[in-house]
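Please open the model in your viewer and keep the selection panel at hand. The tour proceeds by selection, with a short account at each stop.

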Amino acid sequence: MNGPTESRTDSPFRSIYEPRIHSAVVTAARRLGPGMARITFSGPDLRDYPTTDRGDEYVRLFFHEGNEARLPVVVERGWQFTDGIEPAPARVYTIRKYSPGEIEIDFVVHEGGIGAAWAMQAQPGQVLGINAPHGLYERPPAAVRQVLVADEPGLPAALRIAEQTADQVPTTLVLEVRGHAHRLFADVERGRVDYVWLCGTGNGQTPSQLGEVLRRQSIDQGTYVWVATEGRLNRAIRKYLRHELKLPASHYKCVAYWQEKAEVWNARYEELGTDFQDKLSALWADRERDSEEIIDEVQRLYEVAGL
Ligand SMILES: Cc1cc2nc3c(=O)[nH]c(=O)nc-3n(C[C@H](O)[C@H](O)[C@H](O)COP(=O)(O)OP(=O)(O)OC[C@H]3O[C@@H](n4cnc5c(N)ncnc54)[C@H](O)[C@@H]3O)c2cc1C
């Protein structure tokens, strides 16, 4: 997942950095509001921690028990726990802020969930495993405007993207949160970005309104649209951008960040059995086919299967 050429590190080890799972020590934990916890990580093993410089760079955090890091090792595009090490559950998060040797991550506070529960109790001195980051945001040079769309888990990435790019391109943020107090803002000069807020919908509480609100935005062939939301919602938005607005693939990036009622989704996926899973694997492995067409087909199979 993280080739050495994709990452930058500001340490003297820059030229020899090979991706590994780092040990990250909590140095601060605070609430940004009722729905988000910000945790700061540092420590000797983050000294050469790299960045891709993309605002949505994401990582896997390994939530092992106790304060002694029991890290997996990187194996090709994944990782593996060596014998005798109890595999730790992993979850995906965004690097909200990067500086050499120190990172900040914003965790949505929600019911249930290893990641959310960990963030709520986090204290200085605790240790997590973290892999090297990977970014997806890729605005084409031809884009003269960008629209960043997110519900709460996508908020850290949307805000960091805005902070890094709003001085290069007019930016509209279309954001859905649980209530007014859950709004968070990009650290950019006033007026640099436009906000379209939906407060009190989506986010696992009531049906999302993001799809409808996006339809009221003026999006043309010169707009780059970046979307980080719940899975089914993400599929619907991608369909709108690709098949109704007919945006070229370079002009949208739709990434499912979380799954509403994940337990029900997972149970249905398991129920579909190996035939279904093999079909998906074969589709993803097809190097001859256009990747967006593969996603179309995967998403069609999901819909038919009720996923
Ligand atoms: C590229 C990428 C970047 C991400 N960046 C961030 C980030 O910076 N901050 C962040 O908080 N999340 C982020 N996420 C989303 C995060 O990975 C998921 O929300 C994850 O499910 C959280 O793990 P958990 O252990 O808390 O809950 P899980 O154990 O995965 O799920 C437990 C239950 O909680 C529900 N659930 C999961 N997430 C939410 C939610 N946000 N609101 C309501 N219910 C929920 C599930 O449906 C399930 O019922 C990102 C995801 C991706 C793919």
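The stops below go from the domains to individual strands, then to a loop residue and the ligand.

**The two domains**

Please bear in mind throughout that this is a predicted model. Begin by colouring residues 4–130 as domain 1 and residues 145–260 as domain 2, following the domain assignment of the protein. The C-alpha centres of the two domains are separated by 25 Å. Twelve residues of domain 1 and 15 residues of domain 2 make up the contact. On the side of domain 1 that touches domain 2, the elements giving two or more residues are strand 1 (22–33) and strand 8 (102–108). That side of domain 1 has four nonpolar, five polar and three charged residues.

**Strands 1, 2 and 8**

Keep strand 1 displayed and add strand 2, residues 36–42. A hairpin of two residues connects strand 1 to strand 2. The two strands run antiparallel and are joined by seven bridges. To see one position in this pairing, select Ala29, which stands opposite Ile39 in strand 2.

Next, bring strand 8 into view. Strand 2 and strand 8 also pair in the antiparallel sense, over six bridges. Select Phe41 and its bridge partner in strand 8, Ile103. Is strand 2 largely enclosed or not enclosed by the rest of the structure? Strand 2 is largely enclosed, because five of its seven residues are buried.

**The five-stranded open sheet**

Now select strands 10 to 14. They form an open sheet with the order 12-11-10-13-14 and parallel pairing. Strand 12 and strand 14 are the edge strands; each has a single partner strand, so one side of each lacks a neighbour in the sheet. On average, neighbouring strands of this sheet are turned by 10 degrees against each other, direction ignored.

Within the sheet, isolate strand 10 (residues 145–150) and strand 13 (residues 223–230), a parallel pair joined by six bridges. Ala150 stands opposite Ala228 in strand 13.

Add the helices one at a time. Helix 2 (residues 155–165) packs on the sheet and touches strand 10, strand 11, strand 12 and strand 13. The direction of helix 2 makes about 165 degrees with that of strand 11. Helix 4 (residues 231–244) lies across strand 10, strand 13 and strand 14, at about 160 degrees to strand 13.

**A loop residue**

Select Ala181, in the loop between strand 11 (171–177) and strand 12 (193–199). Ala181 counts as exposed because it has 10 C-beta neighbours inside 10 Å, where the cut-off for exposed is 12 or fewer. Apart from its neighbours within four places in sequence, Ala181 is in contact with Gly33 and Pro34. For a distance check, pick the C-alpha atoms of Ala181 and Glu86: they are 39 Å apart in space, and the residues are 95 apart in sequence.

**The ligand shell**

Which residues are the closest to the ligand? Of the 27 residues that surround the ligand, the closest are Thr94, Val108, Gly113, Gly115 and Trp258. Two or more residues of this shell come from each of strand 6 (90–94), strand 8, helix 1 (114–121), strand 14 (252–258) and helix 5 (262–271). Strand 6 gives the largest share, four residues. Colouring the shell by class shows 13 nonpolar, eight polar and six charged residues. Finally, restore the domain colours: domain 1 and domain 2 each give at least three residues to the shell around the ligand.

Note on methods. Residues numbered from 1 in each chain as written. Predicted model: local features only at pLDDT ≥ 70, side-chain atom pairs only at ≥ 80, totals over all residues. Domains from an automatic or database assignment. Contact = placed C-beta atoms within 7 Å. Nonpolar A, V, L, I, M, F, W, Y, C, P; charged D, E, K, R; others polar. Buried ≥ 20, exposed ≤ 12 C-beta atoms within 10 Å, placed from the backbone. Near = placed C-beta within 6 Å. Pairing = 2+ DSSP bridges. Axes fitted to C-alpha atoms, helices over the stretch in contact; angles between N-to-C directions.
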